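Trainee: I would like to go through the terms used for this structure and see what each one rests on.
Mentor: Then ask about them in turn, and we will set each value against its cut-off.

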Amino acid sequence: MKNPISNLQKVFESRIRLGIMSALMVNETLDFNALKELLALTDGNLASHLKALEQQEIVEVSKQFVGRKPSTTYKATDSGRNLFRQHLAALEKLINNQ
Amino acid sequence: MRTNSINPREDLQAIREIMERSSKFLSLSGLSGIFAGVCALVGAGVAWFIVLDSGNVCFDEYMYGSDGSAGPALRAYLASVSLLVLGLALLGAFYFSLRKARKTGLQFWTNSSRRILIHLLIPLFAGGLFILILLLQQNFVLVASAMLIFYGLSLVNAGKFTFSELHYLGLTEIGLGILAGFFVHQGLLFWAIGFGLMHIIYGAVMYYRHER
């Protein structure tokens, strides 16, 4: 049997990245402030985790202006969604094997 | 070891919790409920004291217009009052929710708000059409009951995507609507309790629980 742990994604080991991705799975897009409030994080902390997810092409970023304020919105990419699903399946398998 | 650093059960729980929290419309303000309730009570007051002259105008006789002339005018007055109440209540709901969204820094027009609006509007629209049918069929006694029941169903439907108080308000409205179906001559009273009093009570509960 294939080892279920091989499907766990290293990038989702962090609870914060897991949280960001959970929110982006059920919302088409979310902006920085919505994520910040949802996960109760500081700007810097959230930004660094988002950067990591962006670099691995799990989320994509778009910037626009709302009135005069800049707004940054995030969206899960298709490959990011697939990775997250694999990670979820692996977690479930782990629980069932315990 | 990597396996030690993760706890799959806790991870799954956290994922579920965040998915739920992020997909609900949390900008709904209790103040909009209170405002809608006040509008409805004022509307019911106008209907009772002015249109029906404190009950001196017998509702049923007038409705069916034995003299053939007053009935349609009375129905038109009552219909305008209820439409005015509906319009004001909706405006209030938008205003107070927008205000709450601004205050809490949440986005107002999100997937969750679109979703809740659609789920609210489907039973409400069906109910509106059904009430029009009742009016066209001259079946006036069940109008208050139908309004309460369909509105209750809308709230229960929309309640899945926001605070649970909306769900319970919906159940209350359905119960009142069914009662109003039995006591058809107290339609206006049930209407005032359901759309007036209950909105104020549940609105106040929501306000104290989530906005203070």
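**Salt bridges and helix packing**

Mentor: In this predicted model, the side chains of A:Arg15 and B:Asp11 form a salt bridge, at 2.7 Å from N to O. The pair runs between chains, from helix 1 of chain A to helix 2 of chain B.

Trainee: Why is the pair of A:Arg15 and B:Asp11 called a salt bridge?
Mentor: The cut-off is 4 Å between a side-chain nitrogen of Lys or Arg and a carboxyl oxygen of Asp or Glu. A:Arg15 and B:Asp11 meet at 2.7 Å, so the pair is within the cut-off.

Trainee: What makes B:Asp11 buried or exposed?
Mentor: Buried means under 20% relative accessible area. B:Asp11 has 4%, so B:Asp11 is buried.

Trainee: And how do you know which class A:Arg15 belongs to?
Mentor: Its relative accessible area is 39%. Partly exposed covers the range between under 20% and over 50%, so A:Arg15 is partly exposed.

Trainee: Which salt bridge do B:Glu10 and A:Arg15 make, and how do you know that it joins two chains?
Mentor: Their side chains meet at 3.7 Å, N to O. B:Glu10 lies in helix 2 (residues 8–22) of chain B and A:Arg15 in helix 1 (residues 15–26) of chain A, so the pair joins two chains. At 43% relative accessibility, B:Glu10 is partly exposed.

Trainee: What makes A:Arg15, B:Glu10 and B:Asp11 a network?
Mentor: A:Arg15 meets B:Glu10 in a salt bridge and also meets B:Asp11 in a salt bridge. The three residues are thus linked in a network of salt bridges.

Trainee: How many salt bridges does the structure hold over all chains?
Mentor: There are 7. One of them joins the side chains of A:Asp43 and A:Lys36, at 2.8 Å from N to O. A:Asp43 is partly exposed at 42%, and A:Lys36 is partly exposed at 28%.

Trainee: On to the helices. Why is helix 7 of chain B called roughly antiparallel to helix 8 of chain B?
Mentor: Helix 7 (residues 143–159) and helix 8 (residues 164–182) of chain B pack at about 160°, with their axes 7 Å apart. Angles over 145 degrees count as roughly antiparallel, so that term applies to helix 7 and helix 8 of chain B. The crossing of the two helices is left-handed.

Trainee: Which residues of helix 7 of chain B meet helix 8 of chain B?
Mentor: Among them are B:Leu148, B:Gly152 and B:Leu155 of helix 7, while the helix 8 side includes B:Leu169, B:Glu173 and B:Gly177. By class, this contact has 14 nonpolar, 7 polar and 1 charged residues.

Trainee: What makes helix 1 of chain A roughly perpendicular to helix 3 of chain A?
Mentor: Helix 1 and helix 3 (residues 43–55) of chain A pack at about 75°, and their axes are 10 Å apart. The range for roughly perpendicular is 65 to 115 degrees, so helix 1 and helix 3 of chain A fall under that term. In this contact, A:Ile16, A:Arg17 and A:Ile20 of helix 1 meet residues of helix 3 including A:Leu46 and A:His49. The contact divides into 6 nonpolar, 2 polar and 1 charged residues.

Trainee: How many helices and strands does chain B have?
Mentor: Chain B has 9 helices and 0 strands. Of its 212 residues, 43% are buried.

Technical notes
Residues numbered from 1 in each chain as written. Chains lettered and ligands numbered in written order. Predicted model: local features only at pLDDT ≥ 70, side-chain atom pairs only at ≥ 80, totals over all residues. Heavy atoms only, no water. Axes fitted to C-alpha atoms, helices over the stretch in contact; angles between N-to-C directions. Helix = DSSP H or I, 4+ residues; strand = E, 2+ residues; numbered from the N terminus. Parallel < 35°, antiparallel > 145°, perpendicular 65-115°, else oblique. Left-handed = near helix turned anticlockwise from the far one by under 90°. Contact = heavy atoms within 4.5 Å. Nonpolar A, V, L, I, M, F, W, Y, C, P; charged D, E, K, R; others polar. Buried < 20%, exposed > 50% of the residue type's maximum accessible area, 1.4 Å probe, protein only.
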